[in-house]
Amino acid sequence: MRFHILTLFPEAFEGPVRHSMLGRAIQRGLLSVQITDIRSYTTDAHGTADDYQFGGGHGMVLKPEPIFDAVADTLLPYGKGRSTEFPIVLLSPQGRKLDQELVLELAAAPGLVILCGHYAGVDERVRTHLATHDVSIGDYVLTGGELAAMVLVDAVSRFTPGVVGSAENVQEDSITSGLLQHPLYTRPADFRGIGVPEILLSGHHANIERWRREESLRRTLRSRPDLLARAELSADDEKFLAGLGYSVDDGGIESGSNPTA
Ligand code: ADE
């Protein structure tokens with residue numbers, strides 16, 4: 001996977017690109033991350049990348065020319081223009097909310113161009129005539145798209161073979177599997193008088209798997225009941241959930257029950 005990040009703040013990426021799992025994946029040649037300074041595509045002596053809003057209003061707007069030029073240069077080696085084959089992702093709070101489904105869709109591409117917005121926003125023509133995807137990482141406003149870009153790169157990278165320990169890790173992930181992850185414990189078995197569930201020490205694999213599944217279901221019902229409606233559930237799962245007061249047929253919780261108990 002090749003990431004091309006276009007930003008006004010290239011130095012923001014120095015740490016994340018060099019360290020952590022991502023840094024190791026880059027060293028091992030599994031990923032590449034190219035950072036382009038949008039300002040280097042400005043044409044005046046001051047390197048002006050932003051301008052006042054037409055119509056008036058607070059805040060400056062990122063100009064379209066340097067962004068269009070930077071993207072054209074980035075795509076040149078691939079012999080591609082604007083196409084969904086090589087997504088051009090604009091990060092902004094106005095975009096489609098990022099979830100694992102969108103992460104998977106983007107991870108299927110050979111590379112991504114990622115545009116980090118700043119100031120009040122980006123000239124709308126970047127959204128309408130350049131970006132193929134407009135993505136928000138959540139319903140809150142950041143000072144710029146850089147942190148959002150790091151989130152996107154991290155989430156997409158996990159689907160590049162070899163970046164995360166094993167393919168099963170990614171497939172069994174919380175969310176990818178449709179449910180939240182079950183609780184995890186490691187040594188010591190007794191930490192300050194707080195033990196771990198006996199079943200995990202039993203060595204009985206089938207029982208452990210069932211316990212994990214039920215804890216995933218319990219947790220998902222408690223924190224993200226919306227996920228249950230889309231999850232693949234077995235007859236045993238449905239029975240377990242019914243015991244917690246969740247009815248699959250009704251698509252929700254029966255009145256008078258307490259799913260978190
Ligand atoms: N830029 C500012 N806020 C953002 C958000 N929530 N998602 C993506 N990019 C952003």
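## Starting at Thr74

Thr74 touches His4, Leu6, Gln34, Thr36 and Val113, leaving aside residues up to four places away in sequence. This residue is found in helix α3, which covers residues 64-75. With a relative accessibility of 6%, Thr74 counts as buried, because buried means under 20% relative accessible area. The side chain of Thr74 also reaches the backbone oxygen of Ala70, at 2.7 Å.

Please keep in mind as you look around that this is a predicted model.

## Around the ligand

Let us move on to the ligand. Which residues surround the ligand? They are Leu91, Ser92, Pro93, Val135, Ser136, Ile137, Gly138, Tyr140, Val141, Leu142, Gly144 and Ala148. Polar backbone atoms feature here too: a nitrogen atom of the ligand is 2.9 Å from a backbone N or O atom of Ile137. For Gly138, the distance from a polar backbone atom to a nitrogen atom of the ligand is 3.1 Å. Leu142 likewise has a polar backbone atom 2.9 Å from a nitrogen atom of the ligand.

How much of the ligand does the protein bury? Taken alone, the ligand exposes 260 Å², and the protein buries 96% of that. Two elements, β5 and β8 (133-136), give two or more residues each to the shell around the ligand. The largest share, three residues, comes from β5.

## Helix α6 and its cover

Helix α6 takes in residues 146-157. Its 12 residues should span 16 Å at 1.5 Å a residue, and the end C-alpha atoms are indeed 16 Å apart, so the two values agree. The expected span uses one less than the number of residues.

Is α6 mostly covered or mostly open? Mostly covered: nine of the 12 residues of α6 are buried. These are Glu146, Ala148, Ala149, Met150, Leu152, Val153, Ala155, Val156 and Ser157. Ala148 is also one of the residues surrounding the ligand. The cover over the buried residues of α6 includes β1 (2-7), α1 (14-18), α2 (20-27), β5 (88-97), α4 (100-107) and β6 (111-116).

## Gln100 in helix α4

One of the elements covering α6 is α4, and Gln100 lies in that helix. Is Gln100 buried or exposed? Gln100 has a relative accessible area of 18%, so it counts as buried, the cut-off being under 20%. Leaving aside residues up to four places away in sequence, Gln100 touches Phe159, Asp173, Ile175 and Thr176.

## Helix α8 and Glu214

Helix α8 runs over residues 205-223. At 1.5 Å a residue, the 19 residues of α8 should span 27 Å, and the end C-alpha atoms are 27 Å apart, which agrees. The buried residues of α8 are Ile208, Trp211, Glu215, Ser216, Leu217, Thr220 and Leu221.

Glu214 lies in α8 as well. At 23% relative accessibility, Glu214 counts as partly exposed, because that class lies between the buried limit of 20% and the exposed limit of 50%. Along the chain, Glu214 and Leu241 are 27 residues apart, while their C-alpha atoms are separated by 8.5 Å.

## An aromatic pair

A pair of aromatic rings is described by the distance of the centres and the angle of the planes. How many aromatic pairs does the count come to? The count comes to one aromatic pair. Tyr78 and Phe86 form this pair, with 4.4 Å from centre to centre and 45 degrees between the planes, an arrangement that is tilted. The angle counts as tilted because stacked planes are under 30 degrees apart and edge-to-face planes over 60. Tyr78 is partly exposed, with a relative accessible area of 27%, whereas Phe86 counts as buried at 1%.

## Backbone details in the loops

Most residues other than glycine have a negative phi, and most peptide bonds are trans. Here are some places to look with that in mind. The peptide bond from Arg187 to Pro188 is cis, with omega near 5 degrees. Pro188 is found in the loop between α7 (167-171) and α8.

Arg192 is found in the loop between α7 and α8 too. Its phi is near 50 degrees, a positive value in a residue other than glycine, and at 75% relative accessibility Arg192 counts as exposed. Tyr119 has a positive phi as well, near 55 degrees. This residue lies in the loop between β6 and β7 (121-122), and Tyr119 counts as partly exposed at 39% relative accessibility.

Methods
Residues numbered from 1 in each chain as written. Predicted model: local features only at pLDDT ≥ 70, side-chain atom pairs only at ≥ 80, totals over all residues. Heavy atoms only, no water. Phe/Tyr/Trp six-rings, centres within 6.5 Å; stacked < 30°, edge-to-face > 60°. Buried < 20%, exposed > 50% of the residue type's maximum accessible area, 1.4 Å probe, protein only. Helix = DSSP H or I, 4+ residues; strand = E, 2+ residues; numbered from the N terminus. Contact = heavy atoms within 4.5 Å. Near = heavy atom within 4 Å. Polar contact = N/O pair within 3.5 Å; in protein donor to acceptor, adjacent residues only side chain to side chain. Areas by Shrake-Rupley, 256 points an atom, 1.4 Å probe, with all protein chains shown as cover.
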